[in-house]
Every structure is written in structure tokens, then in C-alpha cells.
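Dear colleague,

I am handing over the structure below, and after it you will find my notes on what came out of the analysis. Please read them with the coordinates open beside you.

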Amino acid sequence: MELSARDLPARFDREEWREEVERLDERSASRIQAERARREIERDKTVLDFEKCEIDGEEGTNLLGCVKQYVPLGRQGASDAPFGFVFQLAQNPDGSFVWNFIAFGERHPGNPATRTVYERAHKRLHGRYP
Amino acid sequence: MAIAVKKLDLHVGELVEIEGRRYEVVPDKTGGLTIEPPITPISELYEKRGMKPASAEDFERIAGDLPTDGEG
């Protein structure tokens with residue numbers, strides 16, 4: 001049977017979650033939205049509405065093998081969904097596939113010094129910012 | 001009383017510890033340097049867990065028909 005993106009579970013591992021979400025103030029809108037979206041995804045994976053990430057993104061990012069999920073879930077525009085999760089398609093030791101969470105952050109930060117979620121994902125994949 | 005300036009010889013990729021917390025030296029977006037909590041490379045995390053990234057062929061087979069919006 002052919003697998004589709006929606007058939008696979010999303011996994012939020014401890015280290016990635018701590019570095020991406022728990023770095024944020026507990027009362028910040030971004031952290032509250034991330035925690036809510038994770039609860040919704042873990043309760044029902046059909047809420048996922050992935051889009052493929054770019055190999056040649058706006059800031060020079062290369063996110064081959066990754067998808068993104070805008071946050072809050074169910075919204076698209078940058079003002080309605082200002083944050084995003086990035087997941088990488090990965091294989092477990094038993095060969096099964098999983099969407100492994102690798103980054104969370106703002107899509108279009110108001111502060112130009114803030115890294116976008118795509119830049120954070122690129123750094124996790126490649127070890128440096130683009 | 002003037003505050004003494006500590007001059008640090010730091011380079012991109014180095015780790016520093018301040019009051020028990022670790023930070024990585026990274027480039028800022030204006031040609032300078034800044035420090036931020038480190039982002040552990042996914043290769044290190046996968047190695048500990050016995051995981052690996054899916055191949056490009058598997059990604060295309062599973063996610064090839066997903067849309068993209070050109071954002072990132």
C-alpha cells in the first residue's frame with residue numbers, strides 16, 4: 001500500500017522541543033500557540049495540513065526532505081498564522097517513517113534580528129545558518 | 001564608576017557558558033556576532049536514537065504531491 005504524508009505520525013522529541021519551544025517565555029504567545037498546536041496534532045493527526053519546504057528558500061535555506069505546518073493550525077496567512085513547525089521525514093530503527101519535529105519559530109519576524117523558523121530548521125539540518 | 005568592558009575573542013561555532021547556561025556564538029544579520037542557546041544538529045540526535053533522514057526518493061514518494069508556497 002502506498003504511504004501518503006497524512007498516514008505518518010508526527011513526533012516531538014524531548015531535545016528538539018526544549019531547544020525550540022521551551023526557550024520561549026512560558027506566557028509568550030508563540031509558546032502558548034506551539035503547545036496548543038502540539039496537543040491538537042497528538043490528539044488527531046488529521047488536523048495536519050503540510051506544505052513542502054523549499055530547497056532554495058528566501059533566506060538561502062535548503063530544507064530538502066522537510067515539510068512545514070503553520071501555527072495556529074487551520075490558518076494560512078502570515079497574520080493569522082504567524083508561526084510554523086518544520087518536520088523532517090525520518091526513518092526509525094525499524095524502518096518505519098515518521099515526521100520528526102526539528103524547528104519552531106516565526107515565519108516573518110517583526111524584529112529583523114530574529115531568525116525565521118526556516119533559518120532555525122536549516123541550522124539544525126546543516127549545523128550553521130544560511 | 002565606569003563599568004569595565006570585558007573583551008572576548010570569540011568565533012562562530014564556539015560555545016560559551018554564562019551563569020551555568022550554554023550559548024553558541026553565531027553570526028547576527030548585520031555582519032557581527034551574537035550568542036544564542038545552541039541548536040543541536042539533527043545528525044547528533046538521530047545518531048543517539050538510531051534514526052536517519054529519509055532518502056530523497058522516499059520523500060518524493062510520500063510527500064511529492066504536497067503543495068508548496070515558495071515561502072521557506
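In this predicted model, the contact between the two chains draws on 37 residues from chain A and 28 residues from chain B. On the side of chain A that touches chain B, at least two residues each are supplied by α1 (14-20), β2 (51-52), β4 (83-91), β5 (97-106) and α3 (117-126) of chain A, and the largest share, five residues, comes from α3(A). Sorted by class, that side of chain A has 16 nonpolar, nine polar and twelve charged residues.

The contact also includes strand pairing across the chains, since β4(A) is joined by two bridges to strand β4 (residues 52-53) of chain B, and these two strands run antiparallel. If you wish to look at this place directly, A:A90 stands opposite B:P53 in β4(B).

Within chain A, β4(A) is also joined to β5(A), in this case by nine bridges and again with the strands running antiparallel; A:F83, for instance, stands opposite A:E106 in β5(A). The two strands form a hairpin with five residues between β4(A) and β5(A), and in the turn A:G95 has a positive phi of about 90°. β5(A) has a further pairing, in the parallel sense and over two bridges, with strand β1 (residues 10-11) of chain A, where A:R11 stands opposite A:N100. Seven of the ten residues of β5(A) are buried, so this strand is largely enclosed by the rest of the structure.

As for chain A as a whole, there are three helices and five strands, which follow the pattern β-α-α-β-β-β-β-α when read along the sequence. Its radius of gyration is 14 Å, close to the 14 Å that the globule rule gives for 130 residues, so chain A is as compact as a globular protein of that length. Taken along the principal axes, the C-alpha atoms of chain A fill a box of roughly 45 × 30 × 30 Å, and 37% of the 130 residues of chain A count as buried. Of the contacts in chain A between residues at least 6 apart in sequence, 43% join residues at least 24 apart.

Which residues have the most contacts inside the largest nonpolar core? They are A:V86, A:F87 and A:A121, in a core of 34 residues. Two or more residues are given to this core by each of α2 (29-43), β3 (66-71), β4, β5 and α3 of chain A, and also by α2 (56-63) of chain B, while the largest share, six residues, comes from β4(A). Leaving aside residues up to four places away in sequence, A:A121 touches A:L63, A:C66, A:V86, A:I102 and A:A103.

Chain B, for its part, has an open sheet of three strands in the order β1-β2-β3, with antiparallel pairing. Its edges are β1 (15-18) and β3 (33-36) of chain B, each with a single partner strand, so one side of each is left without a neighbour in the sheet. From one strand to the next the twist averages 35°. Four bridges join β1(B) to strand β2 (residues 21-27) of chain B, the two running antiparallel, and B:I18 has B:R21 in β2(B) as its bridge partner.

With best regards

Technical notes:
Residues numbered from 1 in each chain as written. Chains lettered and ligands numbered in written order. Predicted model: local features only at pLDDT ≥ 70, side-chain atom pairs only at ≥ 80, totals over all residues. Contact = placed C-beta atoms within 7 Å. Nonpolar A, V, L, I, M, F, W, Y, C, P; charged D, E, K, R; others polar. Pairing = 2+ DSSP bridges. Buried ≥ 20, exposed ≤ 12 C-beta atoms within 10 Å, placed from the backbone. Rg over C-alpha atoms; globule rule 2.2 N^0.38 Å. Axes fitted to C-alpha atoms, helices over the stretch in contact; angles between N-to-C directions. Core = buried A, V, L, I, M, F, W, Y, C linked by C-beta atoms within 7 Å.
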